[in-house]
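Work through the following exercises with the model open beside the text, and attempt each task before reading its solution.

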Amino acid sequence: LEEMLKSYSTTMILRVRMPISDDLAPRNFITKIVRYDRVVNVPNSMTVLTEMMPASVAMAEAKLTGIYNFCNPGAVSHNEILDMYKEIVDPNFTYENFTIEQQNKILEAKRSNNELDATKLMAALAECGVQINEIHEACRLCIGRMREGLIAEHGENYHDKLPKKLSQS
């Protein structure tokens, strides 16, 4: 699809990677990994939607075109995200690591792990007057908003509303 779309001079393609939202929606990357019993500790580029969606609107309004790696700058590991989640949302949360080789044995398809270059995106956003946070700060703020949302919806005793491990479901 990208190959076809890039031939149009009026098209903007935004490459979203591992989307993260402020809620516990099933497609949220954080919701997914907190349910796993074991995770690989690999850094990846990720897209914090709360920051990036307004950026996409600004880019569209500026009539920008081309292909952009639409991720917060930098890379964050699964462990770093889970440690933030434990610190901010669920102090009783636990997880274990396993190797990529061990992971590949249980998956139908291998996972790609990479850090995408956000230089072009950052230059475009600067032209639009938009600033976004580096991925670690963006995740910390996002997880903080997640906690605030849980408290607003369920009160201080929201812990029974958190996702359960797949092995406990």
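**Exercise 1.** Which side chain meets that of Arg 147 in a salt bridge?

*Solution.* The partner is Glu 156, and the N to O distance of the pair is 3.8 Å; a salt bridge is here a side-chain nitrogen of Lys or Arg within 4 Å of a carboxyl oxygen of Asp or Glu. Arg 147 itself is partly exposed, with a relative accessible area of 29%, where buried means under 20% relative accessible area, exposed over 50%, and partly exposed in between (1.4 Å probe, protein chains only).

Before going on, note the basis of these values: this is a predicted model, in which local features need pLDDT of at least 70 and side-chain atom pairs count only at pLDDT 80 or more, whereas totals for chains, interfaces and linings use all residues. Residues are numbered from 1 along each chain as its sequence is written, and side-chain values use heavy atoms, with hydrogens and water left out.

**Exercise 2.** State how many salt bridges the structure holds, and find the parts that the pair of Arg 145 and Asp 22 ties together.

*Solution.* The structure holds three salt bridges. In one of them, the side chains of Arg 145 and Asp 22 meet at 2.5 Å, N to O. Arg 145 belongs to helix 7 (residues 135-154) and Asp 22 to the loop between strand 2 (19-20) and helix 2 (29-35), so the pair links parts that are 123 residues apart in sequence; helices (H or I, at least four residues) and strands (E, at least two) are DSSP runs, numbered from the N terminus. Arg 145 is partly exposed at 27% relative accessibility, and Asp 22 is partly exposed at 21%.

**Exercise 3.** Locate the salt bridge of Glu 87 and classify the accessibility of both partners.

*Solution.* The side chain of Glu 87 meets that of Arg 140 at 3.2 Å, N to O. Because Glu 87 lies in helix 4 (residues 78-88) and Arg 140 in helix 7, this pair ties together parts that are 53 residues apart in sequence. Glu 87 is exposed, at 55% relative accessibility, whereas Arg 140 is partly exposed, at 33%.

**Exercise 4.** Describe the backbone phi of Met 18 and of Lys 63, and say where each residue lies.

*Solution.* Most residues other than glycine have a negative phi. Met 18, although not a glycine, has a positive phi of about 45 degrees; Met 18 sits in the loop between strand 1 (12-15) and strand 2, and is buried at 16% relative accessible area. Lys 63, also not a glycine, has a positive phi of about 60 degrees; Lys 63 is in the loop between helix 3 (49-61) and strand 6 (66-69), and is exposed at 69% relative accessibility.
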